[in-house]
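Colleague: I would like to go through the labels on this model and hear the reasoning behind each one.

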Amino acid sequence: MPYVVGDRGDIAAVVFGDPLLSPPDQERGNKILWVSRVSQDGDPLLIEARLDGSGTPVTREVPGGPGPSGVDLPEAGCWHLTLRWSGHVDTLKLRYVQQR
């Protein structure tokens, strides 16, 4: 199963919808299971994503904190994500590819 570990090691993104697609496929979602290594208290997981690390951020929210989600982003490319939950912050990169 493909996964990406955060730069601090506090969170991992297990990618069930591999590859992640933009625009998303109607037959299957961009499914990501967020797994926190540190404590959490049910606050939402807040995601700030920037394409190639620059430009205007795109925000997403996973209610209830790290867990199962579907995260669609508006363009293909390498996205730099800043993740905030229950007082914790970590960063990681996810690649979305152009749907054929």
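Modeller: A salt bridge here is a side-chain nitrogen of Lys or Arg within 4 Å of a carboxyl oxygen of Asp or Glu. Keep in mind that the model is predicted.

Colleague: Why is the contact of Asp 10 with Arg 8 called a salt bridge?

Modeller: The closest N and O atoms of Asp 10 and Arg 8 are 3.4 Å apart. The cut-off is 4 Å, so the pair qualifies. In general, side chains of opposite charge can pair when their charged atoms come close.

Colleague: What makes Asp 10 buried or exposed?

Modeller: Its relative accessible area is 7%. Buried means under 20%, so Asp 10 is buried. Arg 8 has 61%, and exposed means over 50%, so Arg 8 is exposed.

Colleague: Which side chain does Asp 10 meet in a salt bridge at 2.9 Å, N to O?

Modeller: That of Arg 37. The pair links distant parts of the chain, 27 residues apart: Asp 10 lies in the loop between strand S1 (3-5) and strand S2 (11-15), Arg 37 in the loop between strand S4 (31-36) and strand S5 (45-51). Arg 37, at 60% relative accessible area, is over the 50% limit and therefore exposed. Arg 8, Asp 10 and Arg 37 are thus linked in a network of salt bridges.

Colleague: How many salt bridges does the rule give?

Modeller: Three. Among them is the one between Arg 50 and Glu 48, at 3.7 Å from N to O, which is within 4 Å.

Colleague: Why do Arg 50 and Glu 48 count as partly exposed?

Modeller: Arg 50 has a relative accessible area of 28%, and Glu 48 has 25%. Partly exposed covers the range between 20% and 50%, so both labels follow.

Colleague: Which residues touch the most other members of the largest nonpolar core?

Modeller: Trp 34, Leu 81, Leu 83 and Leu 94, out of 21 residues. S2, S4, S5, strand S6 (58-62), strand S8 (77-85) and strand S9 (88-98) each supply at least two residues of this core. Leaving aside residues up to four places away in sequence, the contacts of Leu 81 include Trp 34, Ile 47 and Leu 94.

Colleague: What makes S1 and S7 edge strands?

Modeller: Each pairs on one side only. The open sheet has the order S1-S2-S4-S7, with antiparallel pairing.

Colleague: How do you know that S4 and S7 pair?

Modeller: Pairing needs at least two bridges, and three join S4 to S7, so these strands pair. Ile 32 stands opposite Ser 69 in S7.

Methods: Residues numbered from 1 in each chain as written. Predicted model: local features only at pLDDT ≥ 70, side-chain atom pairs only at ≥ 80, totals over all residues. Heavy atoms only, no water. Buried < 20%, exposed > 50% of the residue type's maximum accessible area, 1.4 Å probe, protein only. Helix = DSSP H or I, 4+ residues; strand = E, 2+ residues; numbered from the N terminus. Core = buried A, V, L, I, M, F, W, Y, C linked by side-chain atoms within 4.5 Å. Contact = heavy atoms within 4.5 Å.
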